[in-house]
Amino acid sequence: MQITDVKIRKSFDKGKLKAVVSITIDNMFAVHDIKIIQNDNHIFMAMPSRKDENGMFRDIIHPISSEARNIIESTVLNAYEKHKILTDIE
């Protein structure tokens, strides 16, 4: 699996939500609405989700293996860091 494109769709200066990202996998499959969230000096990626009938948020798409998650997360977070540098977001 290879992440062939990362697009930072929106970025935010304030609040815990820092960005909304789309990725393309192997030039064949797009995933939208990946969120970058900062919480207590820790930044992480959250996969697209929706609220179920019990009010719980459930991922609607997610990596099956930890290897796949690491590939996606490191690629997305690296792209976000580059975006921050280019746009001067703190």
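Across which strands does helix α1 lie, and at about what angle to β1 does it run?

1. Helix and sheet. In this predicted model, helix α1, made up of residues 66-87, lies across β1, β2, β3 and β4. Its direction makes an angle of about 50 degrees with β1. The strand β2 named here covers residues 17-25.

2. Sheet topology. The sheet that helix α1 lies across is an open one of four strands, in the order β1-β2-β3-β4, with antiparallel pairing. Strands β1 (3-11) and β4 (42-46) are at the edges; each has a single partner strand, so one side of each is left without a neighbour in the sheet. From one strand to the next, the twist averages 25 degrees. As a general point, strands of a sheet pair through backbone hydrogen bonds, in either a parallel or an antiparallel manner.

3. The β3-β4 pairing. Strand β3 spans residues 29-39 and runs antiparallel to β4, the two being joined by five bridges. Within this pairing, Lys-35 has Ala-46 in β4 as its bridge partner. Strand β4 is also one of the two edge strands.

4. Overall composition. The protein contains one helix and six strands. Read along the sequence, these elements follow the pattern β-β-β-β-β-β-α. The radius of gyration is 13 Å, close to the 12 Å that the globule rule gives for 90 residues, so the protein is as compact as a globular protein of that length. Taken along the principal axes, the box filled by the C-alpha atoms is roughly 35 × 35 × 20 Å.

5. Burial, surface and contacts. Of the 90 residues, 30% count as buried. The accessible surface comes to about 6,400 Å², and carbon and sulfur atoms account for 49% of that area. Considering contacts between residues at least 6 apart in sequence, 27% join residues that are at least 24 apart.

6. Salt bridges: Asp-5 with Lys-7. A search of the whole structure finds three salt bridges. One of them links Asp-5 to Lys-7, with the closest N and O atoms 2.6 Å apart. Asp-5 is partly exposed, its relative accessible area being 29%. Lys-7 is likewise partly exposed, at 38%.

7. Salt bridges: Arg-58 with Asp-52. Here the closest N and O atoms are 3.0 Å apart. Is each partner buried or partly exposed? Arg-58 has a relative accessible area of 47% and is partly exposed. Asp-52, by contrast, has a relative accessibility of 18% and counts as buried, because the cut-off for that class is under 20%.

8. Salt bridges: Glu-81 with Lys-84. In this pair the closest N and O atoms are 3.6 Å apart. The separation falls within the 4 Å limit, so the pair counts as a salt bridge. Both residues lie in helix α1, three residues apart, which is about one turn of the helix. This is the helix that lies across the four strands from β1 to β4. Glu-81 counts as partly exposed at 33% relative accessibility. Lys-84 is also partly exposed, with a relative accessible area of 21%; the value is not under the 20% cut-off, so Lys-84 does not count as buried.

Note on methods: Residues numbered from 1 in each chain as written. Predicted model: local features only at pLDDT ≥ 70, side-chain atom pairs only at ≥ 80, totals over all residues. Heavy atoms only, no water. Pairing = 2+ DSSP bridges. Axes fitted to C-alpha atoms, helices over the stretch in contact; angles between N-to-C directions. Contact = heavy atoms within 4.5 Å. Rg over C-alpha atoms; globule rule 2.2 N^0.38 Å. Buried < 20%, exposed > 50% of the residue type's maximum accessible area, 1.4 Å probe, protein only. Areas by Shrake-Rupley, 256 points an atom, 1.4 Å probe, with all protein chains shown as cover. Salt bridge = Lys/Arg side-chain N within 4 Å of Asp/Glu carboxyl O.
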